[in-house]
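Here are my notes for your first reading of this entry. Please go through the points in order, with the structure open beside you.

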Amino acid sequence: MAALKVINKLKVNLSSAQISSCTDELIQQMKKVYDSVGLLNSSDVTYDNTLKVLADFSADSSAIRSSIDFPQHVSPVKDIRNASTEAERKLSEVEVELSMRQDVYNNIKAFDEKFGQGLTGETKRFLERLIRNGKRNGLHLNKEIRDEITTIKKRMTELAIDFNRNLNEENDILEFTAKELHGLPDDFIEGLSKTDGGLYQVSLKYPHYFPCMRKATNPETRKKLQTAFDSRCKNENTPIMEELVELRQKQADLLGYAVHADYVTEIRMSKTAANVKNFLSRLAKKLKPLGESELQTYLKYKAIESQKYGYEDDHKIYAWDMRYYMNMVEEKEFAVDHEKLKEYFPLEIVTKGLLDIYQLLLNLKFEEVKDAEVWHPEVRLFNVSDGSSGSFMGQFYLDLHPREGKFGHAACFGLQPGCILSNGSRQHAIAAMVANFTKPTATKPALLTHDEVVTYFHEFGHVMHGICAEANFSMFSGTRVERDFVEAPSQMLENWCWERESLSRMSIHYKDSTQIPDDLLEKLIKSKQANAGIFNLRQIMLGTFDQTIHTSRKADTAAVYAQLSAEILGVPATPGTNMPATFGHLADGYDAMYYGYLWSEVYCMDMFYTRFKNNVMDTTAGLDYREKILKPGGTKDAIDMLREFLGRDPDETAFLTSKGLTVD
């Protein structure tokens with residue numbers, strides 16, 4: 001274990017006082033580094049005293065930076081979460097100031113003029129990115145404009161931190177009678193806490209909310225939950241989101257962009273907001289007939305349900321009906337019993353199967369680190385090495401269950417980038433997969449829904465991207481590719497959750513260890529296109545909402561969301577709610593980029609259908625994927641990686657086929 005302490009430089013259990021002192025030390029170091037570059041005479045700039053200094057500091061300080069700001073998402077101690085949040089606020093403010101240093105930018109430009117023509121490869125790309133970033137920060141503009149941009153950036157950072165902290169700390173509880181929870185399985189109800197008066201307590205966390213929305217037969221129960229869910233942090237976060245929209249547009253104005261979405265997409269695969277709009281509207285037009293047909297099916301089932309349980313049928317589908325009738329379609333028309341299916345996905349078996357599949361496919365070896373230092377007893381740490389040479393590649397943490405104050409979704413956090421350190425040695429990547437899967441009970445192990453299995457595969461795909469990349473500069477490590485491509489490698493691996501061979505490797509019944517029966521497996525695989533119209537129209541609606549508010553000077557987010565939900569999805573937003581106040585992506589780096597989930601799916605499906613569809617455990621294709629898609633990190637443009645892996649330009653054929661659409 002002695003060697004691993006050097007490999008893993010994270011300090012995962014800092015106290016609130018230590019977080020504060022480490023933050024102050026890091027800020028001093030940051031300023032010292034930028035001073036050393038900025039105060040140089042332009043005639044004295046060299047690679048060693050300019051580019052290398054900036055690259056080295058980014059690499060050398062990355063682990064302590066994560067040690068400071070990661071606890072806000074996972075620490076079980078509220079004081080530590082608060083200290084981490086405040087530390088990120090301080091660090092982000094200083095980072096904004098440093099990114100606006102005119103003297104540093106001028107010396108980078110001076111270096112480019114003296115030595116830029118002689119650079120090649122990743123070093124050339126690093127220099128080009130530094131100059132590009134400087135221009136996008138307005139460092140070529142006059143001081144008055146630069147100062148205004150700095151003020152805007154600081155305010156936006158502060159607002160984004162507040163937005164996400166509000167969501168993480170949300171802990172509303174709703175109370176229901178047993179009758180109101182009719183339709184939910186016994187083991188779910190038995191796992192709920194009860195009040196002294198005998199009412200069941202249901203939180204708005206995923207393991208409570210989604211089962212209720214899928215199975216509660218009482219529409220009033222679903223309405224109460226959905227209304228509360230889409231009202232989370234409404235009063236706090238609505239003004240934050242709407243101020244962010246205005247500030248982002250004000251920054252775009254100062255930088256010379258027509259709209260914020262153009263500023264964002266300029267450095268993505270999409271290139272312009274107009275291209276994104278065309279992509280979303282074209283796809284919506286193709287999917288609209290399918291979505292309308294699915295809504296008619298939901299109405300048919302609603303009529304049957306209303307008569308069965310004595311509820312009024314007003315011949316409309318509401319937001320609280322969506323998941324209930326989507327689930328019913330899977331059960332009735334595809335005969336997929338998700339409660340029965342869960343019994344074949346105990347978490348430990350899924351985890352073992354998932355790890356085995358990734359090891360085989362990518363030629364890797366995982367080994368759990370015993371007695372590792374972690375931030376909570378449920379967290380596990382694994383070493384990753386190359387399957388052939390045995391050379392060490394990195395580590396990953398698994399933190400899979402919900403707890404109070406924890407990040408509420410599923411995500412991969414890159415904690416230590418794989419890159420070259422100042423001493424010339426390679427720092428290995430470390431990532432954490434954070435999720436909120438149901439906990440085991442006294443009578444049952446943790447059982448995953450199939451949706452959760454898909455989520456597990458997706459987020460772990462990001463972990464592998466982080467660890468398999470071999471960049472020299474931290475700027476290009478792991479998942480630091482174009483943001484509208486970053487989801488593609490993980491989305492592609494979701495396909496393994498719909499294939500017979502891979503499913504059989506990660507599923508056995510928790511009681512008798514039997515395999516999923518062939519008929520149930522076949523029904524699950526066929527159900528992949530169930531609700532494809534509505535599901536994808538919702539993604540289009542969210543992407544269009546994101547683009548709409550970020551091509552506007554200001555936005556009434558509730559009104560825009562309600563309009564688009566009705567127009568694109570054909571389902572009204574619930575009055576009095578504001579889902580955008582819970583839309584963490586738009587405060588956390590995905591502003592004007594939510595379209596990227598669908599955009600990158602074009603490439604993921606092309607990769608899967610071209611190289612893996614006929615043999616999902618093809619290790620030759622897997623190694624090719626590791627070498628040509630994961631290993632480069634951000635050192636190449638995504639389109640070039642795709643061409644190399646596919647042997648041609650990518651196209652939409654596989655994507656449209658996967659949605660059940662005809663190809664023009």
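1. Contacts along the chain. Counting contacts in the protein with a separation of 6 or more, 74% are between residues 24 or more positions apart. Keep in mind throughout that this is a predicted model.

2. Overall dimensions. The C-alpha trace spans about 85 × 60 × 55 Å along its principal axes. A compact globule of 664 residues would have a radius of gyration near 26 Å, and the protein, at 25 Å, agrees with that. The protein contains 28 helices and ten strands.

3. Surface and charge. Of the 664 residues, 56% count as buried. The exposed area is about 27,700 Å², of which carbon and sulfur atoms supply 49%. There are 82 positive and 96 negative side chains, and the centres of these two sets lie 1 Å apart.

4. Cysteines. How many disulfides does a search of the whole structure find? The search finds zero. Cys419 is in no disulfide, and the nearest cysteine sulfur to it belongs to Cys412, 16 Å away. A disulfide requires the two sulfur atoms to be within 2.5 Å. Cys419 has a relative accessible area of 0%, so it counts as buried. Cys497 is likewise in no disulfide; the nearest cysteine sulfur is that of Cys604, at 12 Å. Cys497 also has a relative accessible area of 0% and is buried.

5. Helix α11. Is this helix, residues 206-215, largely enclosed or open? It is largely enclosed by the rest of the structure, because eight of its ten residues are buried. The buried residues include Tyr209, Phe210 and Met213, and also Arg214 and Lys215. You may want to find the partners in the viewer: the buried residues of α11 pack against helices α10 (186-190), α12 (219-229), α16 (322-332), α17 (338-342) and α19 (450-468), and against strand β3 (200-203).

6. Ile64. This residue lies in helix α4, residues 62-69. Which residues does Ile64 contact, leaving aside its neighbours within four places in sequence? They are Lys11, Cys22 and Leu26. Cys22 is 42 residues from Ile64 along the chain, and their C-alpha atoms are separated by 7.8 Å.

7. Ala654. This residue is in helix α28, which covers residues 653-658. With a relative accessible area of 9%, Ala654 is buried, because the limit for that label is under 20%. Not counting residues up to four places away in sequence, Ala654 touches Met605, Asp606 and Tyr609. Ser43 is 611 residues from Ala654 along the chain, and the two C-alpha atoms are 54 Å apart.

8. Two residues with positive phi. Asp371 has phi near 55°, a positive value in a residue other than glycine. Asp371 sits in the loop between β4 (364-368) and β5 (380-386). Its relative accessible area is 82%, so Asp371 is exposed. Asn531, also not a glycine, has phi near 60°. The loop that holds Asn531 runs between α22 (518-526) and α23 (532-549). Is Asn531 buried or exposed? At 4% relative accessibility, Asn531 counts as buried. Please look at both loops in turn: Asp371 is exposed, whereas Asn531 is buried.

How values were computed
Residues numbered from 1 in each chain as written. Predicted model: local features only at pLDDT ≥ 70, side-chain atom pairs only at ≥ 80, totals over all residues. Heavy atoms only, no water. Helix = DSSP H or I, 4+ residues; strand = E, 2+ residues; numbered from the N terminus. Rg over C-alpha atoms; globule rule 2.2 N^0.38 Å. Buried < 20%, exposed > 50% of the residue type's maximum accessible area, 1.4 Å probe, protein only. Contact = heavy atoms within 4.5 Å. Areas by Shrake-Rupley, 256 points an atom, 1.4 Å probe, with all protein chains shown as cover. Lys, Arg positive; Asp, Glu negative; His and termini not counted. Charge placed at Lys NZ, Arg CZ, Asp CG, Glu CD.
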